[in-house]
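Q: Please take a close look at a single part of this structure. Then set that part in the whole for a reader who is new to it.

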Amino acid sequence: MDRRASFAAPSIRVRIPDQLPTLFEPQKATPHVRTRSDAGEEVPSPERRLTVLALQLAVLEKAASRLGTLAFVWATVVLLGGFAITLSRTDFWCITGLLLIEGTRILGRSHELEWQHQATWRRHRPVSCAIVRAFSWMQLVSASACVSLSLVRLLHQHYGGSEEARTNRGAALNIFYGLALAEALLFLVEKALWEWKMGHRRLLERVAEDCNLAAACGGEVAVRRFFYDSYSCCLNGSIFDGLHMDLVSYADDLVTTGSHDEQSLGVGILVALAESDRFADAALRKIGVSAPTIERLIEMLSWKDSAEREVRRSAAVVVSMLTERKHIALRITGIPGAIESVASLLYADLDELNILGLSILNKLAHDHDNCDKIGNTRGLLDKIISYSSIDHGRLAPTTPRDMRLKAVKQSLRVVKRLAGTTGNTGKLLRRELTDIVFTVSNVREVLQHHDKKVQSELHQLAIEILTSLAMDEEAREVIGGTGGVVRVLVSMFLSPVATTEYRQADAIRVEAGEALAMLALESKNNCGAIIIALGGGVGRLVAALNDPVVIVGAARILHNLCSYAGDEWQLKLRGVTAGATKVLKTIMVEKEKVLNIFLGLAAQMLQFMEPRELKQASPRRAWWTRSWRGRWCRCCVSTAARPWTCLESAGTPSSSPSP
């Protein structure tokens, strides 16, 4: 049984012994790749038409061969053995000629498929094609001669000799000429069917187009070789052997056990099927259960020869699509040296390979353990960061700008995944990323670019990286100490981004607020940098409390500034009291998370407010109730504010009911 059968149930293919007791002995059915039509019904895959044609041709060829064998035995044993002396000279030479012609046809047929295989390789194509044509014409001439000679003798019926001698001899000759005629006609029917399907109906080209192989380099050659191999299986073993073949299993065999050229052909088939909308799911599922195929694809990623660049690219595309499936991604990273092979793509001198390598790493980084393996791979983090620079990336100066932006995007995605890792692994990764000199500066370059191609997604990725890195105390100080980072974050937070995608612009503003709040957390230096970037006060943040998009972010930033800015900024922070009324109103209507944030902000505001200011900020309506006062008093107690700052001691409006 095929080795891949141990990795999936049911098995993909079953090996049938070459020697079978009978020609049409029933064979055990094996699953065949099927796709779904637009109506949801399962339909056979396109290569099924080739395997069915191979079965039809094999039936005709084997029937003709069996008839030829029977005719040969009949001629040698019955005619030449029993009637050799009584045969007329004409019949003797006709029989001899037919046997020689049949032998010539069999000789040509036995070598034709071999030369047809050779003709699919470019370096052998001119010579092989000429030999194939010569063998084909030789068989056609031989079969035509058999038909003509046998038909003439059957119609003539003058075999000579006495009446008694002609009784059995004539029947024996009729049987022989009939067998020779039937054999030749079956062969001609086979040739006619071959030419009709391959020439007139252009079956190979149509199957290649349906399988997404027509545009691929060597795609038609791959389909032709698949058909020849399927036909050979039907001829050499049972006629049903080739019926169960499919392109994915065929490509797997080429990749794992074929020569260098066959491996290139096999990976070309896999990438074409994997990129096809119709066959991608079934193809990737079958590739994913073949451990030898995955191992060989990973090995191909590290091929360095310039002549193997296209094969390496195709292998990278297949691996990239396989890593989208979590269980396959785990299987890939379980292969020794897999991460190193993927990392080698980042050192290639082809831009597309660099981007594919980053894409694979991004998908692998979805798993926590894979993040640890990526971080432990020597020099890989530095190489990933090097692609995040827009102006001075690792790509060549001649690289198109769109390609450079793709590399930056993929690099930022990988860094975002690594920086957002949880647990001790995440702490170590954030520290290692921060220790790389160009990490924060490259992110700053992305944020400072304002052309349309850089905005939106790249900006959001860059801000999310800063937010994740800021979870580490040392990283917060490094980010805040990198010139221009805090200023550009404040600008993005307070000023709507000029883009037609309003949802994306709002998401960027919200994420910028998250980053600023994280930077201000327990960092006196960053709090000072934020206040300076705001123009020396907090008035713009207070005004942002009226913006429904960033109200939560503004409240969190103000809370952290009031908590961690230090004594030297107390005077500047007194401006926070201007938002007291908005804060109190928000506390009365919001729930859960937003309520907790504004309760914390209100508690911090109290330390900057006098009793008179508190009275002015308090609501003066009939709905001043015990529940509202209860919320406010809980806020005061939780922060241990000065006694006179409690709302109860400040007095209540005359219009409000007593508690």
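A: One yardstick comes first: a residue is buried under 20% relative accessible area, exposed over 50%, and partly exposed in between. The model is predicted. The part chosen here is helix α24, residues 524-533.

Start at the helix's first residue. Lys524 is partly exposed, because its relative accessible area is 43%, between the two limits. Its side chain has a partner. Glu568 forms a salt bridge with Lys524, and their closest N and O atoms are 3.4 Å apart. Lys524 sits in helix α24, while Glu568 lies in the loop between α26 (551-564) and α27 (570-573), so the pair ties together parts that are 44 residues apart in sequence. Glu568 counts as partly exposed too, at 49% relative accessibility.

Step back a little in sequence. Glu522 is in the loop between α23 (502-520) and α24. Is Glu522 buried or exposed? Glu522 is exposed, because its relative accessible area of 51% is over the 50% limit. Its backbone stands out as well. Phi of Glu522 is near 55°, a positive value in a residue other than glycine.

Now step into the helix. Asn526 belongs to α24. Asn526 is buried, because its relative accessible area is 2%, under the 20% limit. What covers it? Leaving out residues up to four places away in sequence, Asn526 touches Arg476, Glu477, Gly480 and Leu519. Arg476, Glu477 and Gly480 fall within helix α21, residues 473-481. Leu519 falls within α23.

Helix α21 also holds Val478. Val478 is partly exposed, with a relative accessible area of 34%. Apart from neighbours within four places in sequence, Val478 is in contact with Thr434 and Val440. Val478 and Val437 are 41 residues apart in sequence and 10.0 Å apart in space, C-alpha to C-alpha.

Back to α24 and its nonpolar contacts. Which residues does Leu561 touch, setting aside those up to four places away in sequence? They are Ala520, Cys527, Ile530, Ile531, Val538, Leu541 and Leu573. Cys527, Ile530 and Ile531 are within α24. Leu561 itself falls within α26. Leu561 is no side player. The largest nonpolar core has 157 residues, and Phe227 and Leu561 touch the most other members. A second, separate core has 22 residues, including Cys94, Ala143, Tyr159 and Phe187.

So much for α24. Now the wider frame. The protein has 659 residues, and 51% of them count as buried. There are 32 helices and 2 strands. Of the contacts with a separation of 6 or more, 70% are between residues 24 or more positions apart. About 31,000 Å² is exposed, and carbon and sulfur atoms supply 55% of it.

The Lys524 pair has company, as the structure holds 20 salt bridges. Some sit inside one helix. Arg285 and Asp281 meet in a salt bridge, 2.7 Å from N to O. Both lie in helix α9 (residues 280-288), 4 residues apart, about one turn of the helix. Glu310 and Arg313 form another, at 3.2 Å from N to O. This pair is 3 residues apart in helix α11 (residues 309-322). An α-helix has 3.6 residues a turn, so residues three or four places apart point the same way. The burial of the second pair is mixed. Glu310 is partly exposed at 46%, whereas Arg313 is buried at 15%.

Another helix shows how burial can be arranged. The buried residues of α15 (residues 368-376) are Asn370, Cys371, Ile374 and Gly375. They span an arc of only 140° around the axis, which puts them on the same side of α15. Their cover includes α12 (326-333), α13 (338-344), α14 (351-364), α16 (380-386), α17 (401-419) and α18 (423-435).

Finish at the surface. Phe72, Val73 and Val77 make a nonpolar surface patch of about 280 Å². Phe72 is in helix α1 (residues 47-82) and is partly exposed at 47% relative accessibility. Leu185, in helix α4 (residues 163-200), is partly exposed at 41%. Leu185 and Val147 are 38 residues apart in sequence, with 6.9 Å between their C-alpha atoms.

Methods: Residues numbered from 1 in each chain as written. Predicted model: local features only at pLDDT ≥ 70, side-chain atom pairs only at ≥ 80, totals over all residues. Heavy atoms only, no water. Core = buried A, V, L, I, M, F, W, Y, C linked by side-chain atoms within 4.5 Å. Buried < 20%, exposed > 50% of the residue type's maximum accessible area, 1.4 Å probe, protein only. Contact = heavy atoms within 4.5 Å. Patch = residues over 30% accessible without salt bridge, like charges linked within 9 Å, V, L, I, M, F, W, Y side chains within 5 Å. Areas by Shrake-Rupley, 256 points an atom, 1.4 Å probe, with all protein chains shown as cover. Salt bridge = Lys/Arg side-chain N within 4 Å of Asp/Glu carboxyl O. Arc of directions from axis to C-beta.
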